[in-house]
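Dear colleague,

I am handing over the structure we spoke about, and below it you will find my notes on its internal spaces and its surface. Please read them with the coordinates open.

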Amino acid sequence: MPRPFRFGVNLLTSASAGEWRAKCRRAEELGYDVILVPDHLGWVAPFPALVAAAGATERPRLGTFVLNAGFWNPALLAREVATTDALTGGRLELGLGTGYVQAEHDTAGLPYGSPRERVDHLEHTVAEVRRLLGSADHQPRPAQPRVPLLVGGNGDRVLRLTAERADIAAFTAGRVVAGSATGKIAPLTPEELDERVARYQGLAAGRAEPAELNLLVQMVAVTDDPEAVLGPLLERRPQLTAEQALALPIVLVGSLKEIVARVRAQRERYGFSYLTVLEPYMEDFAAVIEELRDE
């Protein structure tokens, strides 16, 4: 049997206290299972934003999507995770990745490092946070016996770490454009994502409990005129035809019936049962959630 669907929204824009609470309540009303926040300079600070979200809502889980491990000392991160889990009543899901925007590290005065060094630090962070939170002596204590861990990334070493340690495997279906200091992403084709998911599944073959598989969707539009919606994407990616753009795993554009069918098909093809959409598409995607709620 396929794993039941779960739906998250990544809230990107800062707001006043009242506005933040209102959009978190709206996400809950629309049926989202998880309220998420990113970890970029100039955007919301993750942990206070999640505590505020918890105070405004009752049902959704709360997660980081994803923390840039390069911004964090593992001991200090463990303190933040434990405190936030306690203050949210055990609703936290911890998402971690290597970070991919060199300009943010430069602004913060932090080393960016090579890809190998960034993955080394992510591996160390995961191990240390697990060790610290698993110790009976660690204070403060989280509310959950084990805070669920999501790891995001597509590279071989990150996929290996995800297969070994993560409860949720998050795929971006994109890659950083070579030489981009600002984190410009190029989308993966369906066939390239097939290969990455197959690589992960091979690494995870020995797991006692399969991980939940997540996909970050970059564009959602319920429309009868897909080509008009895709115009900006096609301008940025002139090598793509409209048909190729519509086939990208990160694009859900079309009629409600077509999008619902795509979501079901991607769960069948790749195993994605947990979908995350970006804040600008929160309202549009709610109709899809309504159609798939109990599947």
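The second largest cavity is lined by Leu36, Thr64, Phe65, Glu93, Leu94, Gly95, Leu150, Ile168 and Tyr274, and it should be kept in mind throughout that this is a predicted model. The space in this second largest cavity comes to about 30 Å³, and strand 5 makes the greatest contribution to its lining, with three residues. Sorted by class, that lining consists of six nonpolar, two polar and one charged residues.

When the whole structure is searched, two cavities of 30 Å³ or more are found, and the largest cavity has a volume of about 60 Å³. Around the largest cavity the lining residues are Leu94, Leu96, Val126, Val129, Arg130, Leu133, Val147, Pro148 and Leu149, of which eight are nonpolar, none is polar and one is charged. Both strand 5 (92-97) and helix 5 (115-134) supply at least two residues of this lining, although it is helix 5 that gives the most to the largest cavity, with four residues. Leu94 appears in the linings of the largest cavity and of the second largest cavity.

Turning to the surface, Tyr100, Val176 and Ile185 make a nonpolar patch of about 230 Å². Within this patch, Val176 belongs to strand 8, which covers residues 174-176, and Val176 counts as partly exposed because its relative accessible area is 35%, which falls between the limits of 20% for buried and 50% for exposed.

With best regards

How values were computed:
Residues are numbered from 1 along each chain as its sequence is written. This is a predicted model: local features need pLDDT of at least 70, side-chain atom pairs count only at pLDDT 80 or more; totals for chains, interfaces and linings use all residues. Side-chain values use heavy atoms; hydrogens and water are left out. Patches are made of residues with over 30% relative accessible area and no salt bridge: like charges are joined within 9 Å, nonpolar side chains (Val, Leu, Ile, Met, Phe, Trp, Tyr) within 5 Å. Accessible areas come from the Shrake-Rupley method with a 1.4 Å probe; for residues, only the protein chains shown count as cover. A salt bridge is a side-chain nitrogen of Lys or Arg within 4 Å of a carboxyl oxygen of Asp or Glu. Buried means under 20% relative accessible area, exposed over 50%, partly exposed in between (1.4 Å probe, protein chains only). On a 1 Å grid over the protein atoms alone, a cavity is a set of points where a 1.4 Å probe fits but cannot get out, and a pocket is an open set with protein on both sides within 12 Å along at least five of seven lines; lining residues have an atom within 4 Å of a point. Grid points are joined across faces, edges and corners, and a volume is the space filled by probe spheres set on the points. Ala, Val, Leu, Ile, Met, Phe, Trp, Tyr, Cys and Pro count as nonpolar, Asp, Glu, Lys and Arg as charged, and the others, Gly among them, as polar.
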